[in-house]
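Biologist: I am new to this structure, and I would like a close look at a single part of it. Please take me through the pairing of its charged side chains.

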Amino acid sequence: MAMRELLDEAKSSAPKLSGEFRQKARFEVVTTSYGVSGTVIFSALKHYKRGWAFDVALKLHEYPKAFKNPSTPGTGPKFLERPLKARSARYRELIATEIAKELRK
């Protein structure tokens with residue numbers, strides 16, 4: 001639930017380069033015997049003629065200069081980090097609630 005909320009918040013802050021950028025964003029939750037981890041993933045690979053690829057999502061997230069003139073108002077760099085920091089207490093609460101539910105079973 002926390003990963004889904006974070007993904008939704010990050011998508012609304014992410015640039016609208018193309019419909020694909022936001023549509024391909026996803027989250028993964030992995031459960032092992034050691035614990036549970038979650039990841040939110042944005043990726044927009046740009047392939048060059050020489051055969052290598054560059055992840056444009058990384059550039060847009062990490063480099064403010066990439067947003068000199070954002071094409072979409074309200075979007076900007078750190079589109080994943082900003083909601084994570086701003087709502088981390090909410091995400092911890094969601095995780096704690098789900099753990100408590102599982103322990104009661």
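Modeller: What follows goes through the charged pairs one by one, with the places where they sit. The model is predicted, and therefore local features need pLDDT of at least 70 and side-chain atom pairs count only at pLDDT 80 or more, while totals for chains, interfaces and linings use all residues. Residues are numbered from 1 along each chain as its sequence is written, and side-chain values use heavy atoms, with hydrogens and water left out.

Side chains of opposite charge can pair when their charged atoms come close. Over the whole structure, a search finds 10 salt bridges (a side-chain nitrogen of Lys or Arg within 4 Å of a carboxyl oxygen of Asp or Glu).

One of them links Lys78 to Glu62, whose closest N and O atoms are 2.8 Å apart. Because Lys78 lies in the loop between α3 and α4 while Glu62 belongs to helix α3, this pair ties together parts that are 16 residues apart in sequence (helices, H or I and at least four residues, are DSSP runs numbered from the N terminus). Lys78 is partly exposed, at 24% relative accessible area, and Glu62 is also partly exposed, at 32% (buried means under 20%, exposed over 50%, and partly exposed in between, with a 1.4 Å probe and protein chains only).

The loop between α3 (56-62) and α4 (81-86) also holds Lys65, which is exposed because its relative accessible area is 69%. Between the C-alpha atoms of Lys65 and Asp55, which are 10 residues apart along the chain, the separation is 16 Å.

In helix α4, Lys85 forms a salt bridge with Glu81, and here the closest N and O atoms are 2.9 Å apart. Since these two residues are four apart in the helix, about one helical turn separates Lys85 from Glu81. Lys85 counts as exposed, with a relative accessible area of 60%, whereas Glu81 is partly exposed, with 26%. Elsewhere, salt bridges that share partners join Glu5, Glu9, Arg87, Arg90 and Glu93 into one network.

A further pair is that of Arg26 and Glu28, which form a salt bridge with their closest N and O atoms 3.7 Å apart. Both residues are partly exposed, Arg26 with a relative accessible area of 40% and Glu28 with 37%.
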